[in-house]
Amino acid sequence: MPTVSEALELMDYGPAPESTAAAMDWLKGRTFGHFINGKLTKAGETFATVSPATGTELAQITQGTEADVAAAVKAARKAAPGWAALSGHDRARHLYALARLMQKRERLFAVLESLDNGKPIRESRDIDVPLAVRHFYHHAGWAELVADDFPGMRPHGVCGQIIPWNFPLLMLAWKVAPALAAGNTVVVKPAEQTPLTALLFAELCIEAGLPRGVVNIVTGDGRTGAALVAAEVDKIAFTGSTEIGRLIRRATAGSAKALTLELGGKSPFIVFAEADLDAAVEGVVDAIWFNQGEVCCAGSRILVQESVADRFVTRLKARMNTLRLGDPLDKSTDIGAVVDEVQLTRIRGIVDQAVAQGAVLHQAPIPNGPGSFCPPGLLTDLGAANIAMTEEIFGPIVSLITFRTPGEAVELANNTRYGLAASIWTENITAALDIAAQVKAGVVWINGTNIFDANAPFGGMRESGFGREGAREGMLAYLTRDEATGPLRKPAAAPSPAPAGASGDAIDRTRKLYIGGAQKRPDGGASYAVKGAQVPLGSRKDIRNAVEAAHKAGGWSKVTGHNRAQVLYFLAENLAAHPIGDAEEHALAVQRAFYWAAWADKYDGRVHATQSAHVTLALKEPFGVMGIVAPEEAPLLGLVSTVFPAIAMGNRVVVVPSQANPVPALDLYQVLDTSDVPGGVVNIVTGPRGELADTLAKHDDVAALWCFADPETCRNAEIQSAGNLKPVWTETRERDWHGPAGQSREFLRRAVQVKTVWVPYGA
Ligand code: NAI
Ligand code: MG
């Protein structure tokens with residue numbers, strides 16, 4: 001027994017285990033089936049879910065078959081019309097009931113989660129479960145308001161939702177609550193490592209008297225997930241690895257299934273010299289160590305300003321050595337078990353490679369004994385190309401490099417394929433907001449990290465996926481609007497080659513591409529004949545040149561909305577002065593040009609009401625360079641109606657006009673030339689649409705693509721977009737460009753991505 005003074009000196013903790021009795025009682029060595037059409041089904045072929053901290057089996061879980069998935073989807077389909085037809089108020093009552101029941105069982109949920117996943121009880125009890133409950137309350141509210149706040153929108157129908165193992169209950173709540181609030185029914189596929197809290201949730205659905213088939217849960221591994229992706233669902237929402245995200249992008253291409261992907265990250269954690277270093281050290285603890293690094297938005301790349309790097313690293317190491325690794329059910333445990341041996345091996349593999357590539361690893365010794373544990377670690381002396389700087393480790397190992405200037409910090413921060421989150425540490429709020437504006441990330445925390453709220457949009461840019469969860473933005477992901485009801489678009493006919501030896505008169509009437517603010521002959525000089533004119537037969541090379549030109553016009557994305565509006569008004573006036581194409585189309589196009597110019601400084605972001613002491617901003621940012629495959633129909637009006645909202649929001653575009661009638665688009669150069677639109681903001685490339693769309697879809701420097709084209713061109717664009725996982729908006733039916741559908745707000749919404757910036761306050 002230490003004396004009191006010794007105890008104070010040591011400040012050690014005794015064990016404080018949370019009781020697992022209630023959870024064990026609930027489990028009772030059970031063999032679980034699925035939850036389909038309001039009933040727990042009989043078990044099929046099963047596998048074990050284990051506690052990663054001890055390696056012991058917790059329960060047997062059914063491996064869902066294609067037939068199981070089909071039965072669940074059928075039940076969801078049958079329940080969909082009734083659920084959607086309920087009043088928002090009635091749906092809200094159901095969601096409130098679920099929230100309350102979940103709250104009543106908070107302790108059981110938390111213990112089950114820690115048993116099944118290995119995360120410390122402190123995390124599941126204080127973070128996962130309360131946030132999940134909050135999600136259901138928040139979305140009960142949305143159910144009440146959805147009809148009012150989203151006029152003209154309807155639910156998708158049946159949503160397939162695939163969930164990872166790192167936040168099993170919380171990710172379920174993030175997906176199920178908004179889907180139900182919007183009036184969808186769901187089929188949920190939990191991760192094979194952590195299905196237990198989802199199965200407990202199934203019991204709550206029964207207890208809450210939720211109508212049968214509204215929520216269905218099918219357990220199993222990736223094969224079950226793949227079956228769900230292939231099933232007759234209207235939407236897939238997936239959270240997990242980028243690799244599987246890509247597979248799902250390809251698998252759903254051309255299916256008209258809506259898709260949101262929340263994928264991996266390699267988020268920067270930027271520490272400036274002006275930071276409160278002790279707070280930043282605690283930030284690292286929260287960002288990467290407490291949760292075994294199993295957070296997609298984990299700040300796993302520390303960038304620290306050189307002048308404070310030594311001090312910071314010293315404090316970081318000291319803090320690392322005080323973290324307690326061990327029993328997840330002990331209330332004083334900081335770091336629990338890694339979810340399974342596969343993940344542990346993956347972590348070790350990347351760390352070993354990083355060390356082989358020259359990194360230095362600082363890590364406490366690996367404990368002996370059962371369970372998959374990984375002590376916290378810090379990698380230093382890394383080159384920019386080191387695997388630990390580029391690959392997601394998904395373990396409690398953080399990489400650290402230094403920078404000199406803020407500019408260098410931004411460059412390093414953005415030197416990644418990912419764009420999920422960023423964390424910025426400095427007491428200089430002006431500098432912090434300046435950096436926040438420049439980092440490519442869907443979520444930015446200032447002097448904080450891993451803060452979530454049901455009323456704050458969450459989701460990534462670049463290869464971290466697309467779509468947002470949470471808040472109004474997240475509701476939109478579960479709603480759709482029926483606008484394009486015209487006939488299916490047909491593929492453009494093959495271009496007819498130019499007549500040999502064109503006369504002087506024909507040369508006069510030869511149009512040119514418009515790239516970087518200048519008329520350009522197409523690469524190779526080929527042209528095709530259309531309606532008495534010669535038009536350039538653009539190629540992949542021309543698209544690449546246009547993308548490069550668009551990149552150089554980055555200033556357009558930075559000027560104020562007011563400046564853009566002024567330029568666009570002038571452009572609209574010039575369009576009015578140049579009668580191009582069909583007179584009626586032209587008149588309407590002029591009106592549209594003014595309409596979208598008007599929006600340039602009005603499509604605002606929001607300030608969300610989240611946790612106290614934060615101003616949580618949802619900023620609407622342009623994508624940067626966008627590709628637009630304009631419709632064949634309405635060759636001028638369709639082009640103006642798509643290009644103008646995109647540039648009004650600050651994007652630069654490469655547009656592929658109508659192939660059959662490209663002359664009005666090409667003649668726009670006169671209007672662009674005589675206006676103040678900077679060169680490179682609008683680039684026009686005519687030619688074989690299928691091929692040009694394919695190039696835009698594949699291009700890593702095109703951040704988003706709109707494709708108003710035939711089904712095959714759209715499907716291919718979706719498949720090819722799996723490379724950099726750009727969001728692709730495809731529309732295979734003709735739109736009435738002359739009517740209100742021609743100036744839908746959807747064009748604005750699709751032209752921006754939301755960046756959520758958490759700004760703390762407090763004296
Ligand atoms: P995963 O992406 O394979 O699993 C996520 C979910 O997708 C699970 O429910 C799984 O059963 C399901 N799934 C697997 N294959 C599927 C398919 N072909 N079609 C449909 N669903 C499928 O991730 P995994 O293997 O568990 O972890 C691998 C790596 O992914 C981790 O090391 C980590 O880097 C990353 N990861 C990222 C997460 C995030 O939150 N962004 C979550 C989990 C893992
Ligand atoms: Mg497990």
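**Pockets, cavities and a metal site**

The second largest pocket sits on shared ground: its lining takes at least three residues from each of domain 1 (25-263 + 474-480) and domain 2 (268-455), with domain bounds coming from an automatic or database domain assignment. The model is predicted, so local features need pLDDT of at least 70 and side-chain atom pairs count only at pLDDT 80 or more, while totals for chains, interfaces and linings use all residues. Residues are numbered from 1 along each chain as its sequence is written, chains are lettered from A and ligands numbered from 1 in the order in which they are written, and side-chain values use heavy atoms, leaving out hydrogens and water.

This pocket holds about 1000 Å³ of space. Of its 41 lining residues, Trp165, Gly240, Ser241, Ile244 and Arg346 come closest to the centre. Helix α10 chips in the largest share of the lining, 7 residues. By class, the lining has 20 nonpolar, 10 polar and 11 charged residues. (A pocket is an open set of points on a 1 Å grid over the protein atoms alone, with protein on both sides within 12 Å along at least five of seven lines; a cavity is a set where a 1.4 Å probe fits but cannot get out; lining residues have an atom within 4 Å of a point.)

As for closed spaces, there are 8 cavities of 30 Å³ or more. The largest cavity has about 70 Å³ of space, and among its 13 lining residues the closest to the centre are Phe167, Met171, Val295, Cys296 and Phe452. Helix α7 (residues 168-182) gives the most to this lining, with 3 residues. Here the classes come out at 10 nonpolar, 2 polar and 1 charged.

Cys296 also turns up in the hunt for disulfides (cysteine sulfur pairs within 2.5 Å), of which the structure has 0. Its sulfur lies 4.7 Å from the closest cysteine sulfur, in Cys297, and that is too far for a bond. Cys296 counts as buried (under 20% relative accessible area, with a 1.4 Å probe and protein chains only) because its relative accessibility is 11%.

Finally, the magnesium ion (ligand 2) has as protein donors Thr49 (OG1), Val50 (O), Asp116 (O), Asp116 (OD) and Gln193 (O), at 2.2 to 2.7 Å; donors are N, O and S atoms within 2.8 Å of the metal (3.2 Å for Na, K and Ca). Asp116 lies in helix α5 (residues 106-117) and Gln193 in the loop between β8 (185-189) and α8 (196-207), so the pair ties together parts 77 residues apart in sequence. Helices (H or I, at least four residues) and strands (E, at least two) are DSSP runs, numbered from the N terminus. Both Asp116 and Gln193 are buried.

Terms used:
Buried < 20%, exposed > 50% of the residue type's maximum accessible area, 1.4 Å probe, protein only. Points joined across faces, edges and corners; volume = space filled by probe spheres on them. Nonpolar A, V, L, I, M, F, W, Y, C, P; charged D, E, K, R; others polar.
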